Amino acid sequence: MSQETCILTTKDFTIVEVMRDRCLGRDDPLAPILKRKIESAIVMFRDDVPDDVATMSSRVTFSVSGRDPDTRIISHDRMASTVGMLLPVTTSRGLALLGLAEGEHFVFTNSDGVEERILLEKVDYQPEAARREKEALERHSMVNGHGKPSLRLIRGAFYDRAPLVAASPDGFDDPGPSAA
């Protein structure tokens with residue numbers, strides 16, 4: 001069996017630790033997952049987390065036990081939003097995905113006693129990566145444009161269409177009320 005690793009931001013690690021502290025004991029279905037996550041955790045600053053790792057608020061595509069893939073946003077807890085959009089870490093699947101890298105899987109026993117294998121197929125959006133990208137773009141625009149955003153204009157189809165021509169030579173094409 002390969003060594004299990006879980007890459008967590010400092011914030012995500014703190015959340016997992018608090019969840020473990022508030023755990024209901026050995027009967028809590030999340031207790032074994034929390035234990036494994038904490039024992040295998042590699043804690044990183046948010047600027048150092050690889051782009052392909054599932055962190056809190058990441059939008060991920062995953063599959064469970066070989067079934068069709070699903071896309072959700074890993075959230076801290078159930079929130080008022082569209083049903084099926086979020087996957088809270090207070091659920092076994094949400095917690096299992098937290099800290100996985102693309103292509104990695106996590107096997108656990110769900111609350112019904114059935115073993116599930118959850119595979120992280122893709123991290124579609126990661127807030128830490130988006131933040132780094134935004135900062136890089138801001139730095140790039142500061143260097144190239146003295147603080148002004150740099151834009152590249154692309155000539156589009158608007159310039160290739162025929163000019164508009166008036167219906168009558170004097171430019172007036174309204175026939176008035178008699179046309180009605």
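Is S75 buried or exposed? With a relative accessible area of 4%, S75 is buried, and that is where this set of close-ups of a predicted model begins.

**View 1. S75 sits in strand 4, out of the solvent's reach by the numbers.**
Strand 4 covers residues 70-75, and S75 belongs to it. The relative accessible area of S75 is 4%, under the 20% cut-off, so this serine counts as buried. Who keeps S75 company? Look past the neighbours within four places in sequence, and S75 is in contact with M56, L86, L87, P88 and V89.

**View 2. Five strands line up as an open sheet.**
Reading across the sheet, the strand order is 5-4-3-7-6, and the pairing is mixed. Strand 5 (86-88) and strand 6 (105-109) take the edges; each has a single partner strand, so one side of each has no neighbour in the sheet. From one strand to the next, the twist averages 45 degrees. As background, the strands of a sheet pair through backbone hydrogen bonds, in either a parallel or an antiparallel way.

**View 3. Strand 3 and strand 7 run antiparallel, joined by six bridges.**
Strand 3 takes in residues 59-64 and strand 7 residues 115-125. To find one of the bridges, start at V64 and look across to strand 7, where its partner is I118.

**View 4. Strand 6 shows a covered face and an uncovered one.**
F106 and F108 are on the covered face of strand 6, while H105, V107 and T109 are on the uncovered face. In a regular strand, side chains alternate between the two faces of the sheet. Strand 6 runs antiparallel to strand 7, with five bridges joining them. Follow T109 across and you arrive at E115 in strand 7. The hairpin made by these two strands has five residues between them, and G113 there takes a positive phi near 85 degrees.

**View 5. Two serines, S57 and S65, have positive phi values.**
Most residues other than glycine have a negative phi. S57 goes the other way, with phi near 75 degrees, and S65 does too, at about 50 degrees. Where do you look for S57? It is in the loop between strand 2 (41-44) and strand 3. S65, for its part, is in the loop between strand 3 and strand 4. S57 is partly exposed, with a relative accessible area of 39%, and S65 is partly exposed with a value of 39% as well.

**View 6. The largest nonpolar core holds 28 residues.**
Within this core, V60, I74, L97 and I118 touch the most other members. At least two core residues each come from strand 1 (6-9), helix 1 (10-21), helix 2 (31-39), strand 3, helix 3 (92-97), strand 6 and strand 7. Which element gives the largest share? Helix 1 does, with four residues. In soluble globular proteins, nonpolar side chains tend to be buried together. Zoom in on L97 and, not counting residues up to four places away in sequence, you find it touching K37, A54, V60, F62, I74, L87, I118 and L120.

**View 7. Strand 1 points its side chains two ways, and the listed residues are buried on both.**
C6 and L8 point one way, I7 and T9 the other, and all are buried. Strand 1 runs parallel to strand 2, and four bridges join the two. One residue pair to pick out is L8 with V43, which stand opposite each other.

**View 8. Helix 1 packs on helix 2 in a left-handed crossing.**
The helix axes are 10 Å apart and the packing angle is about 140 degrees. That value is not over 145, the cut-off for roughly antiparallel, so the two helices are oblique to each other. On the helix 1 side the contacts come from F13, V16, E17, M19 and R20, and these meet L34, K37 and I38 of helix 2.

**View 9. Zooming back out: four helices and seven strands.**
From the N terminus, the elements run β-α-α-β-β-β-β-α-β-β-α. The protein has 180 residues, and 33% of them count as buried. Take the contacts between residues at least 6 apart in sequence, and 56% of these join residues at least 24 apart.

Technical notes. Residues are numbered from 1 along each chain as its sequence is written. This is a predicted model: local features need pLDDT of at least 70, side-chain atom pairs count only at pLDDT 80 or more; totals for chains, interfaces and linings use all residues. Side-chain values use heavy atoms; hydrogens and water are left out. Buried means under 20% relative accessible area, exposed over 50%, partly exposed in between (1.4 Å probe, protein chains only). Contact means heavy atoms within 4.5 Å. Two strands pair if DSSP finds at least two bridges between them. Axes are lines fitted to C-alpha atoms, for helices over the stretch in contact, and angles run from 0 to 180 degrees between N-to-C directions. A nonpolar core is a set of buried Ala, Val, Leu, Ile, Met, Phe, Trp, Tyr and Cys residues joined through side-chain atoms within 4.5 Å. Angles under 35 degrees count as roughly parallel, over 145 as roughly antiparallel, 65 to 115 as roughly perpendicular and the rest as oblique. A crossing is left-handed if the near helix is turned anticlockwise from the far one by less than a right angle, and right-handed if clockwise.
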